[in-house]
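User: Could you take a close look at one part for me, a single sheet and whatever packs on it? I'm a first-year student, so please keep it plain.

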Amino acid sequence: MVTVVNSKADVLKATQALAVNLNAAKGLQEVMKSNLGPRGTLKMLVGGAGQIKITKDGHVLLGEMQIQHPTASMIARAATAQDDMTGDGTTTSVMFIGELMKLAEVCLAEGLHPRLIAEGFDLAREEMMKFLDGFKIPVPNAFNDREKLVCVARTSLRTKIAASIADQMSEVVVDAVRCIKKPEQALDLNMVEVLHMKNKLVTDTRLIKGLVLDHGARHPDMPKRLENCYILTCNVSLEYEKSEVNAGFFYSSAEQRDKLAESERKFTDDKVRKIVELKKKVCTEENKKSFVVINQKGIDPPSLEMLAHEGIIALRRAKRRNMERLPLAVGGNAVNSVDDLDEDDLGFAEVVYEQTLEDDKYTFIEGVKNSFSCTVLIQGSTDHSIAQLKDAVRDGLRAVQNTIEDEAVVPGAGAFELAGHVHLEQFKRTVLGKPRLGVELFGKALLTVPKTLLENSGMDVQEKLLTVVAERERKGTPVGVSIATGDPIDPVMEGIFDNFSVKKSLLGLAPVLAQQLLLVDEVIRAGKSANAGG
């Protein structure tokens, strides 16, 4: 017999290949299942050097876990791609794929061809896409509907962090997004700076409509706090620079040497004097204004001395991302030269102050007018609580952005999945032949979300699920599950909403990957045994 494949390659044929894929999907589903929903449990990840991460965010888990099984890592990559696109839905995606595969296994064992199941999945997916368009709740002018945005952010955040903190953070993320939105322009979440300070408690996290810079003034005599500040944002070198041409100077007396040193400094000092002149022009005794210079390039000690003498706070080597945000937050223009400076180039803030935390200094710029950039200042006593909150804020910001862009929301608490299940039960009657089984499986797989929500809340799954499904069939309105009692609730009344784009990409990604995995009938693995790779 002629072997086409490398003799050392490991080949899994038809049923074996399917079994490998099914087991991988089910295994990953079991790992992620317990994380779903506000009552989900946490996972503790310990790195090689003993670093600890505690999280229930599916995206973080899949990113940090080392998955060796090729099929499982393929599912993980698809789920993280969903998170990269929409910012949420990772755990649901993994569970849905796992459930589709698990239910398909029974039919495959009875001899049904995978292609027919895949056809049924296709029909069900197209029908669900149409159903989703009718099921969504339009939110015209979502940007101004603050209450609805807070509900969406709260629903997203409560699945990541404790409810008490999630309620506070949902207000923070909504105000942050509303702060940076420019009329007629797309949202740019990079204009929200997420900065952390290892200080106080997680509940002290707040939104600062302004900026927090993670460095301070570099001169001990500079004021620590100024009010009614003009702010000059510049990218000008204020330090002594050597000439590019190597030249030697000979002098015969100390006076000549002093003259030489003075003329070398003159170039830099003139630039500093121009800034000081502008300060004297705009800040007078009568208007009680003060002056702050934030420079992207360096400021040398003699220049700092001159600025400190005039009562100016000067920050040097500011990060480029902060330089982009500063004019958006305080107004004015970022200048590259000190020639022709005037008052129009300056921004304004009500207060600028410095806070020292151990060896680190932070400069707060607050009280800015019509700010298009802001800072979420995350505080916490431990590294893992800060990391957990940072991941949650990122998801919360995306949830608010999605709502504004979609101009629609979907009732949450498993309402869409329950409604989809009931709808497909009706729809399958119109499907002829064996693909009908695929449609039926798809409908049952959708129930994995409400089922897991109930399971994680410690409820009697069968009894409560049947009650909720019957309620949906009877009423025909959105019905979700209560995680407190397991009884049917109206998610719209409770203010539980999911993102439309998350559900849409879930329907676009999960069934397609499940179909592909079902249709695999041979796995060829180069040069090492599949059992060893695990």
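Analyst: Here is a walk through one sheet, strand by strand, and then the helices on it. First, this is a predicted model, where local features need pLDDT of at least 70 and side-chain atom pairs count only at pLDDT 80 or more, while totals for chains, interfaces and linings use all residues. Residues are numbered from 1 along each chain as its sequence is written, and side-chain values use heavy atoms, with hydrogens and water left out.

The sheet is an open one of three strands in the order S4-S15-S18, with antiparallel pairing. Its edge strands are S4 (137-138) and S18 (497-499), each of which pairs on one side only. Strands here are DSSP runs of E with at least two residues, and helices are runs of H or I with at least four, numbered from the N terminus. Two strands count as paired if DSSP finds at least two bridges between them. In general, strands of a sheet pair through backbone hydrogen bonds, either parallel or antiparallel.

Now zoom in on S15 (residues 408-411): three bridges join this strand to S18, and the two run antiparallel. Along that pairing, valine 409 stands opposite asparagine 499 in S18.

Next come the helices. Helix H17 (residues 500-518) packs on the sheet, touching S15 and S18, and its direction makes about 60° with that of S18. Helix H6 (residues 146-158) lies across S15 and S18 too, running at about 80° to S18. Contact means heavy atoms within 4.5 Å. For the angles, axes are lines fitted to C-alpha atoms, for helices over the stretch in contact, and values run from 0 to 180 degrees between N-to-C directions.
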